[in-house]
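Trainee: Before I use this model at the bench, I would like to know what stands behind each word used to describe it. Could we go through the terms one by one?

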Amino acid sequence: TPDGWLPRDSRLIRLTGAHPFNSEAPLTALYDEGWLTSPELFYVRNHGPVPQVNDEDIPDWEFTVEGLVERPVTIKFKDLVREYDQVTCPVTLVCAGNRRKEQNVVRKTKGFSWGAAGVSNALWTGVMMHEILKKTGLKRGARYVCMEGADKLPNGYYGTSVKLNWAMDPNRGMMLAYKMNGEMLTPDHGKPLRAIIPGQIGGRSVKWLKKLIVTDKPSDNWYHIYDNRVLPTTVSPEESANDKNWWMDERYAIYDLSTNSAMAHPVHEEQLCIVGAPKNYRVKGYAYGGGGRRITRVEVTLDKGKSWRLANVDYAEDRYREAGPVDLYGGRLDMEWRESCFSWAFWNIDISVDDLKDAKDIMCRAMDESMNVQPRDMYWSVLGMMNNPWYRIAIHREN
Ligand code: MTE
C-alpha cells in the first residue's frame, strides 16, 4: 500500500481495508491506558496516503497564510518554533463517526463502522492560531479560516474551514501543533504539523498542514462539503447522491461535538463469573462534551431509563488547571484563565453483582453544563455522524 513504509501498532483494529488506514484501539485498551492516549493507540482517520516527510526536511516544511490577510506569509517550521510563543494543552479529538457501528446496524450509512474508540486524548504543543493571524493582519470581510493538508486525494487536497472569530478567540484554544505528549507528531497524526481544533469534530483538525486561507465564505473544498455533515434523517443515500443541494447547505455542517459517553468496563462480550466474584462490579467509561462545555454528570440505568444512578466523574484536566502555569514539552501550559473543558472525563460507579445479574442491560448517558443530555433515541443520517444515544451493553445470563 502507499503507506507500507509506516510501522503501526498491532493492537489497533483496522476498520477499512488495507488502505487508507483507519483504526481504533480495543475500547478497554484505550481506557486502561489512562487519560492520556499514546500515539500508538490514538485512533487514526486518514482519507488517503500519509505524506512521507523525512526528519531532516522538517525545519524547512513550509505553510502559507493567504487570502484576506494584510501580509500573506510563508512560514517555515523552524521559524514557527523560534519566533512564536509555544503552548502545550490537553485536547481530546473525536471522529464525527465515533459509534457509527450502532447506526449501521439500524440502517446502512455511507460510512464505515467505528466502535466507541474513535476518540483519544493527548497533550499538544504548538502555536495558537490567533497569534499567527494577528501577525498577518486581517482584511475587511474576513470571516472564515480555511485549512488544507498535504495529502493528495481523489477529490483534491483534504481541507475544511472554521469561523474566523472562533480562531481569534484564545478561549477556543485553536492551535497549530507539532508535538503530541512531548514527542514530534507521528506520520499518521500529521507529522510534522497539524491544526488542533478543540471541542469540535476531529475532521476540522487538518493534518500535514500546508495552508491557512482566510476567506469570506466557508471552505469550498470537496471534503468540507461532502464530509462531516448531518443531513436530515429523511434524506436517503440515493437522494443525497442525486441532489447536490443537500450538501451545499452549510447549516448541515457539524462543528461542536455532541455530548457523549460510553462504557469500557464492561465491554460487549465481556464474561463475568459471579461465583466467588467481589460483591460489586466497577462500571467505568469516558464522557465528553462539545464546544468546551464541561460534563456535569454521568448516569447509569439498569432498567431502561426508569431510574438512574449517578456516577463519579474524574476531571483529570482540572489537575493541570490547578497546578498553575508550567513549562511542559517546550510549551507553556497555562489553563488558569481557560474555563473551557476540551478533554474527556473518566467516570465510574460500583454496581452490585446481584443487580447486574438481574438486569437485561446497562446503559449510560452524560450531560453537559448547558443541559445537553444524550438522547434515548438515535438520530440516523446518511453519513452516520454524531451518534450519541444512551450507550448500551446487553446482559445475557448463562447458568
Ligand atoms: N487531515 C488531513 N490532511 N487528511 C485527513 O484525512 N482526517 C480528518 C482530520 N484531519 C484528515 C485530516 C479526520 S476526519 C479526523 S477525525 C482527524 O483528522 C483524525 O486525526 P487522527 O488520525 O490524528 O486521530
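## Terms and the values behind them

Mentor: Let us start with the ligand, where the residues of the surrounding shell divide into eight nonpolar, seven polar and four charged. Bear in mind throughout that this is a predicted model.

Trainee: What makes a residue part of the shell around the ligand, and which residues are the closest?

Mentor: A residue counts if its C-beta atom, placed from the backbone, lies within 6 Å of the molecule. In this model 19 residues surround the ligand, and the closest are His 47, Gly 149, Tyr 158, Gly 202 and Gly 203. Strand S3, residues 44-45, and strand S8, residues 144-153, each supply at least two residues of that shell.

Trainee: How do you know what confidence the predictor has in the protein?

Mentor: The pLDDT scale runs from 0 to 100, and the mean for the protein is 97, with 100% of its residues reaching 70 or more. Among the elements, strand S12 (residues 194-196) has the highest mean, 99, while helix H9 (residues 316-322) has the lowest, 93. The model also scores ipTM 1.00 and pTM 0.98.

Trainee: Why is Lys 179 called buried?

Mentor: The term requires 20 or more other C-beta atoms within 10 Å of the residue's own; Lys 179 has 21, and is therefore buried. Its place is in strand S10, residues 175-180. Leaving aside residues up to four places away in sequence, Lys 179 touches Trp 124, Thr 125, Gly 126, Met 184, Leu 185 and Tyr 329. The C-alpha atoms of Lys 179 and Leu 123 are separated by 8.0 Å, although the two residues are 56 residues apart along the chain.

Trainee: What makes strands S2 and S3 a pair?

Mentor: Pairing requires at least two bridges between the strands, and strand S2 (residues 22-24) and S3 are joined in the antiparallel sense over two bridges, so the requirement is met. Within this pair, Ser 23 stands opposite Val 44 in S3.

Trainee: Why is the sheet that contains S1, S2 and S3 called open?

Mentor: The three strands follow the order S1-S2-S3 with antiparallel pairing. Strand S1 (13-14) and S3 stand at the edges with a single partner strand each, so one side of each has no neighbour in the sheet.

Trainee: How do you know that strand S15 pairs with S14 and with S21?

Mentor: The cut-off is again at least two bridges. Strand S14 (residues 260-265) is joined to strand S15 (residues 280-288) by five bridges, and S15 is joined to strand S21 (residues 345-352) by eight, so both pairings qualify. In each case the strands run antiparallel. Met 263 stands opposite Gly 285 in S15, and Asn 280 has Ser 352 in S21 as its bridge partner.

Trainee: What are the two domains, and how do you know that they are in contact?

Mentor: Domain 1 covers 13-252 and domain 2 covers 260-394, and their C-alpha centres lie 24 Å apart. Contact is judged residue by residue, with C-beta atoms within 7 Å; by that test 46 residues of domain 1 are in contact with 37 residues of domain 2. On the side of domain 1 that touches domain 2, the elements supplying at least two residues each include helix H1 (27-33), strand S6 (87-94) and strand S7 (119-128). S6 gives the most, with seven residues. The residues of that side divide into 18 nonpolar, 19 polar and nine charged.

Methods
Residues are numbered from 1 along each chain as its sequence is written. This is a predicted model: local features need pLDDT of at least 70, side-chain atom pairs count only at pLDDT 80 or more; totals for chains, interfaces and linings use all residues. Helices (H or I, at least four residues) and strands (E, at least two) are DSSP runs, numbered from the N terminus. Ala, Val, Leu, Ile, Met, Phe, Trp, Tyr, Cys and Pro count as nonpolar, Asp, Glu, Lys and Arg as charged, and the others, Gly among them, as polar. Domain bounds come from an automatic or database domain assignment. A residue is buried if 20 or more other C-beta atoms lie within 10 Å of its own, exposed if 12 or fewer, and partly exposed in between; C-beta atoms are placed from the backbone.
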